[in-house]
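Reader: Please take a close look at the salt bridges in this model. I would like to know where the partners sit and how far each one is open to solvent.

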Amino acid sequence: MDKHISVIGILKQSGKFNIVNIASNVLAIPKSIVIAMVLAPKDYGIISFLGLWSTYAALIHPGLLSASNREMAHLIGDDKDSEAIRVQNIALTSDLLYSLIPFMVILFASLFFTEHNLRVGLILTAFTYAITHLAACWRGINFVRQRFNLVAKADLIQGVITTMVILILIHWMKIYVVLIAPVVGGFFAFLYYCKNGKIGYRASFNLAETTRLFKVGITFSLLALAYWGYQLIDRTIIAGFMPLNALGIYSYAAVYTGLGSIFLRDFGNVLGPVLW
């Protein structure tokens, strides 16, 4: 692996993610308009409320992959691929076992909601979390291995399929297609990784190694939770203290913000595994 850092190379690779993210955001605009035209503000609020559940479930984790991915990048750079796979498999096995907890928590939480759309929505959200988490794990490992072309294609597949499912079925399935579409998009992205982005995964559990990775990764996990908790504090407060239709109106308006941060974010994401 080339150990020299090229700013031009990083710009080229991050540019691919810029294109994918811009395409995803461009697709999100007509998607959001169509959803808003078909669904009532309350239904849009339900989607946003369930999105918070899914987002926080993804953010609250032991940080095992955060630690292992950084270690893997260093090991791969030193041509210690077998050791990198060993660390990867131990971290991924423990992380997948942990992911059963938020999955079951979301399912259990659905029992405490009387409104039909919220109850069914939470059940669908649990499965959305499960499949998107799988895709995210394979995405992260391929990203660490600097397979940027593959990851960009998978991102595009996931975004396009999710959007197309919503646009095609929104008039028939209403709110439910918005909840099911991410499962379909995540599933096809995961299939793409399984076919084209093989990572050599074999289940492997090692308590001592898992504990070591946890001690390193929990700091990254808490920092990410603090950052995204701050980013989501507006929607979280609205969801907690205001009606769902208010959350829906606010979330719809928020779709059109944040485009300016795409370029810096993607540059930083590509720079990370190169530096590690």
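**Salt bridges, residue by residue**

Author: Arg-86 has a relative accessible area of 34% and is therefore partly exposed; the class lies between buried, under 20%, and exposed, over 50%, with a 1.4 Å probe and protein chains only. The model is predicted, so local features need pLDDT of at least 70 and side-chain atom pairs count only at pLDDT 80 or more, while totals for chains, interfaces and linings use all residues. Residues are numbered from 1 along each chain as its sequence is written, and side-chain values use heavy atoms, with hydrogens and water left out.

The partner of Arg-86 is Glu-83, and their side chains form a salt bridge with 2.8 Å from N to O. The term requires a side-chain nitrogen of Lys or Arg within 4 Å of a carboxyl oxygen of Asp or Glu. By this rule the count comes to seven salt bridges. Glu-83 and Arg-86 are both in helix H4, three residues apart, so about one helical turn separates them. Helices are DSSP runs (H or I, at least four residues), numbered from the N terminus. Glu-83 is also partly exposed, since its relative accessibility is 28%.

Helix H8 (residues 207-231) holds a pair with the spacing of three residues, Arg-212 and Glu-209, which are therefore about one helical turn apart. Their side chains meet in a salt bridge at 2.6 Å, N to O. The two ends differ in exposure: Arg-212 is partly exposed at 33%, whereas Glu-209 counts as buried at 10% relative accessibility. These pairs belong to one network, in which salt bridges that share partners join Glu-71, Glu-83, Arg-86, Glu-209 and Arg-212.

A further salt bridge links Asp-81 and Arg-145, with 2.9 Å between the closest N and O atoms. Asp-81 lies in helix H4 (residues 81-109), but Arg-145 lies in the loop between helix H5 (116-144) and helix H6 (148-173), so this bridge ties together parts 64 residues apart in sequence. Asp-81 is partly exposed, with 34% relative accessibility. Arg-145, at 14%, counts as buried.

Key
Helices (H or I, at least four residues) and strands (E, at least two) are DSSP runs, numbered from the N terminus.
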